[in-house]
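Student: Please give me a close look at one part of this model, the pairing of oppositely charged side chains. I would like one connected account that also places the pairing in its surroundings.

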Amino acid sequence: MEANHLFPVFFKLEQLQVLVVGGGNVGCEKVNAILQNCPAARVTVVATWFLPEMETITAGYPNVTLVQKEFSCGDIFGKDLVIAATADKELNSCIWEKAKASKVLINVADTPALCDFYLGSVVQKGNLKIAISTNGKSPTIAKRLREVLADAIPDSLENVLQHLNAIRDRLKGDFADKVKKLNELTSVLVERK
């Protein structure tokens, strides 16, 4: 049986430089996802043209720069992550080659074989963030699971997180002692009736 061997990770995009190439629907989708998850993300979007929605999506985000021009190798310089989001497969492949040569992580939209990482479906309730991956097999399933989890997880969980954080800060002892006490406190979340 095939398994998902992806390593889940959460990037602090306000500390990284992100390049998105593409100003159409896919570019808008990727930029919107980035900004919804990290409003302080530092993003440069390069495209020969932009849908009006791109300007709407990025308005009010001072760390987003729209650059209307053709992609060039120099656009990758100083970037930590690249997302190729154009409708031109040849251009996306070129961007992939340049990113790989520069040792920069890249996601080529709708081309799992050319992705170092995927942008999964995300459920967020305050500080709780859950990312869902189907290993690129079915974004639709990931979307449906996101909807189920978003409905199932109460908004009040943010209060629980804040209280547990305050408790954790007050606990004495080493790491193992703190984990044991927090496990005791949170066991009610998984107890069967």
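Tutor: Helices and strands are taken here as DSSP runs numbered from the N terminus, a helix being a run of H or I with at least four residues and a strand a run of E with at least two. The model is a predicted one, in which local features need a pLDDT of at least 70 and side-chain atom pairs count only at pLDDT 80 or more, whereas totals for chains, interfaces and linings use all residues. Residues are numbered from 1 along each chain as its sequence is written, and side-chain values use heavy atoms, with hydrogens and water left out.

To set the scene, the protein contains 6 helices and 7 strands, which follow one another along the sequence in the pattern β-α-β-α-β-β-α-β-β-β-α-α-α. Its C-alpha trace spans about 60 × 45 × 30 Å along the principal axes.

Side chains of opposite charge can pair when their charged atoms come close. The criterion for a salt bridge is a side-chain nitrogen of Lys or Arg within 4 Å of a carboxyl oxygen of Asp or Glu, and by this rule the protein has 6 salt bridges. Among them is the pair within helix α4, where R144 is bridged to E147 with the closest N and O atoms 2.9 Å apart. Both residues belong to that helix and stand 3 residues apart, about one turn of it. In describing their exposure I call a residue buried under 20% relative accessible area, exposed over 50% and partly exposed in between, with a 1.4 Å probe and protein chains only. R144 counts as partly exposed because its relative accessibility is 45%, and E147 is also partly exposed, at 31%.

Another of the salt bridges joins K137 to E2, whose closest N and O atoms are 3.3 Å apart. This pair links distant parts of the chain, 135 residues apart: K137 lies in the loop between β7 (128-132) and α4 (139-152), and E2 in the segment before β1. K137 counts as exposed because its relative accessible area is 58%, and E2 is likewise exposed, at 58%.

A further pair is D155 with K125, the closest N and O atoms being 2.9 Å apart. It, too, connects distant parts of the chain, 30 residues apart, with D155 in the loop between α4 and α5 (157-170) and K125 in strand β6 (residues 121-125). The burial of the partners contrasts, for D155 is exposed at 59% relative accessibility, while K125 is buried at 12%.

Turning to the wider charge distribution, Lys and Arg count as positive and Asp and Glu as negative, without His and the chain ends, and each charge is placed at NZ of Lys, CZ of Arg, CG of Asp or CD of Glu. With those conventions, the mean positions of the 23 positive and 22 negative charges lie 6 Å apart.

K125 is not an isolated case of a buried lysine, since K30 in helix α1 (residues 25-37) is buried as well, with a relative accessible area of 14%. Taking contact to mean heavy atoms within 4.5 Å, and leaving out residues up to four places away in sequence, K30 touches I83, A85, A109 and L119.

Two charged residues are also worth a look for their backbone. Most residues other than glycine have a negative phi. K103, however, has a positive phi of about 60° without being a glycine; it is found in the loop between α3 (89-101) and β5 (105-108) and is exposed at 78% relative accessibility. D110 also has a positive phi of about 60°, and it lies in the loop between β5 and β6, where it is exposed with a relative accessible area of 71%.

For the protein as a whole, buried residues make up 31% of the 193 residues. Among contacts with a separation of 6 or more, 53% join residues 24 or more positions apart.
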